[in-house]
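This report concerns the architecture of one protein chain. Please consult the sequence and the model displayed here.

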Amino acid sequence: MSEMVKVALDAMGGDNAPVETVKGAVDAVNLKDNIIVYLVGTEEALNTELAKYSYPKDRIKTVIASEVIETGEPPVMAIRKKKDSSIVVGMKLVHDGECDAFVSAGSSGAILVGGQVLVGRIKGVDRTPLAAFFPTVKGPSLLLDCGANVDARPDHLLQFAKMGSVYMENILGIKNPRVAILNIGAEEEKGNMLVKETYPQLKNCPDINFIGSIEARDMNQGASDVVVCEAFAGNIALKMMEGVGITMMQQIKAGIMSSLRGKIGGLLIKPALKGVLKQFDVSEYGGAPLLGLKGLVVKTHGSSKHKEITNSIVQCISFKENNINEKIQDMLCLKDA
């Protein structure tokens with residue numbers, strides 16, 4: 001039997017907590033027999049939700065946290081003042097070695113600050129990017145940074161490229177993954193100052209397979225395996241993809257339901273459409289890991305339902321089994337003292 005992976009889950013984080021978070025945890029332990037989930041939250045909420053399900057009792061443990069960090073709270077102040085919050089308590093489980101990973105759909109700011117302060121960066125890592133899978137016609141690609149560092153330097157983006165390459169090669173098995181920098185054109189001379197200064201560093205780096213610039217419209221075509229950028233551009237690109245996908249689906253459904261002919265056609269294409277939709281469903285890929293930390297922290301969408309929570313928990317298995325942190329250290333030649 002494979003080694004057990006212990007995941008702390010912020011049961012109180014996200015728009016649909018604790019209902020969807022607890023259900024996601026139950027589904028995860030019922031799906032995989034090598035996961036133990038530590039549900040972190042208020043005693044009443046955890047007991048109420050767990051009472052609804054059947055699950056292996058030895059693989060879901062409750063950790064009581066009396067406070068919750070709300071989305072609108074200043075992150076640094078919240079981490080300092082709410083020491084018994086589900087985010088702080090969960091991250092301390094990772095810091096203390098009691099858990100291998102922490103998953104949360106809660107406050108992005110608090111998760112980013114907590115990751116740096118409570119879990120800590122790998123020695124020598126300057127910035128820790130959020131790395132999110134996004135769908136393409138050739139399978140998932142990786143976008144980083146998609147939310148952690150809105151202001152970054154060229155050397156930060158170079159580290160992102162190296163960490164992203166390690167992640168794609170070991171999690172998805174893509175050998176020598178293609179790395180591109182998000183830009184407003186394919187030409188080397190295009191871009192803002194950050195892109196222009198970063199491009200030659202990526203081009204001259206022997207540790208990555210740099211293929212040049214990529215425009216946002218080409219990302220979903222699978223033109224690269226890893227896309228690097230600072231978080232301002234990355235977050236806009238990712239949310240635009242999600243928004244366009246949601247809008248298209250709404251319009252397709254409205255068109256199908258607008259006439260009898262459309263409804264008949266909809267029934268005929270339903271099997272094929274299901275497969276395409278699954279390929280482009282972001283919840284299939286789980287959450288975004290904060291790469292470069294000493295332990296694994298995974299941020300999921302604030303609107304996550306149980307499916308995405310489950311997939312975010314399950315993805316922690318691959319992270320641990322493939323020793324991603326150790327391989328990031330090796331890639332960056334930054335062994336902890």
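The sections below treat two sheets, a helix pair and a pocket of this predicted model.

## Six-stranded sheet

Six strands form an open sheet in the order 3-2-1-4-11-10, and their pairing is mixed. Strand 3 (60-64) and strand 10 (288-289) are the edge strands, each of which pairs on one side only. Strand 2 (residues 35-41) and strand 3 run parallel and are joined by five bridges. In strand 3, Ile64 is the residue that stands opposite Gly41.

Helix 1 (residues 19-31) packs on this sheet, where it touches strand 1 (5-10), strand 2 and strand 3. The direction of helix 1 makes about 165° with that of strand 2.

## Five-stranded sheet

A further open sheet has five strands in the order 5-6-9-7-8, again with mixed pairing. Its edges are strand 5 (131-134) and strand 8 (209-214), each pairing on one side only. On average, and with direction ignored, neighbouring strands of this sheet are turned by 30° against each other.

Within the sheet, strand 7 (residues 178-182) and strand 9 (residues 226-228) run parallel, with three bridges between them. Val227 in strand 9 has Ala180 opposite. Helix 9 (residues 231-256) packs on the sheet and touches strand 5, strand 6 (141-144) and strand 7. Between the directions of helix 9 and strand 5 the angle is about 30°.

## Packing of helices 4 and 5

Helix 4 (residues 86-95) packs against helix 5 at an angle of about 35°, and the two axes lie 10 Å apart. The crossing of these helices is right-handed.

Helix 4 contributes Ile87, Val88, Met91, Lys92, Val94 and His95 to the contact, while helix 5 contributes Ala110, Ile111, Gly114, Gly115, Leu118 and Val119. Sorted by class, the contact residues are eight nonpolar, three polar and one charged.

## Second largest pocket

The second largest pocket has a volume of about 530 Å³. It is lined by 32 residues, of which Ser108, Lys299, Thr300, His301 and Gly302 are the closest to its centre. The lining divides into 13 nonpolar, 13 polar and six charged residues.

Helix 5 (108-119), strand 5 and helix 9 are the elements that each give two or more residues to this lining. Helix 9 supplies the largest share, four residues. The pocket thus draws on elements met above: helix 5 also packs with helix 4, and helix 9 also touches strand 5 in the five-stranded sheet.

Key:
Residues are numbered from 1 along each chain as its sequence is written. This is a predicted model: local features need pLDDT of at least 70, side-chain atom pairs count only at pLDDT 80 or more; totals for chains, interfaces and linings use all residues. Side-chain values use heavy atoms; hydrogens and water are left out. Two strands pair if DSSP finds at least two bridges between them. Axes are lines fitted to C-alpha atoms, for helices over the stretch in contact, and angles run from 0 to 180 degrees between N-to-C directions. Contact means heavy atoms within 4.5 Å. On a 1 Å grid over the protein atoms alone, a cavity is a set of points where a 1.4 Å probe fits but cannot get out, and a pocket is an open set with protein on both sides within 12 Å along at least five of seven lines; lining residues have an atom within 4 Å of a point. Grid points are joined across faces, edges and corners, and a volume is the space filled by probe spheres set on the points. Ala, Val, Leu, Ile, Met, Phe, Trp, Tyr, Cys and Pro count as nonpolar, Asp, Glu, Lys and Arg as charged, and the others, Gly among them, as polar. A crossing is left-handed if the near helix is turned anticlockwise from the far one by less than a right angle, and right-handed if clockwise.
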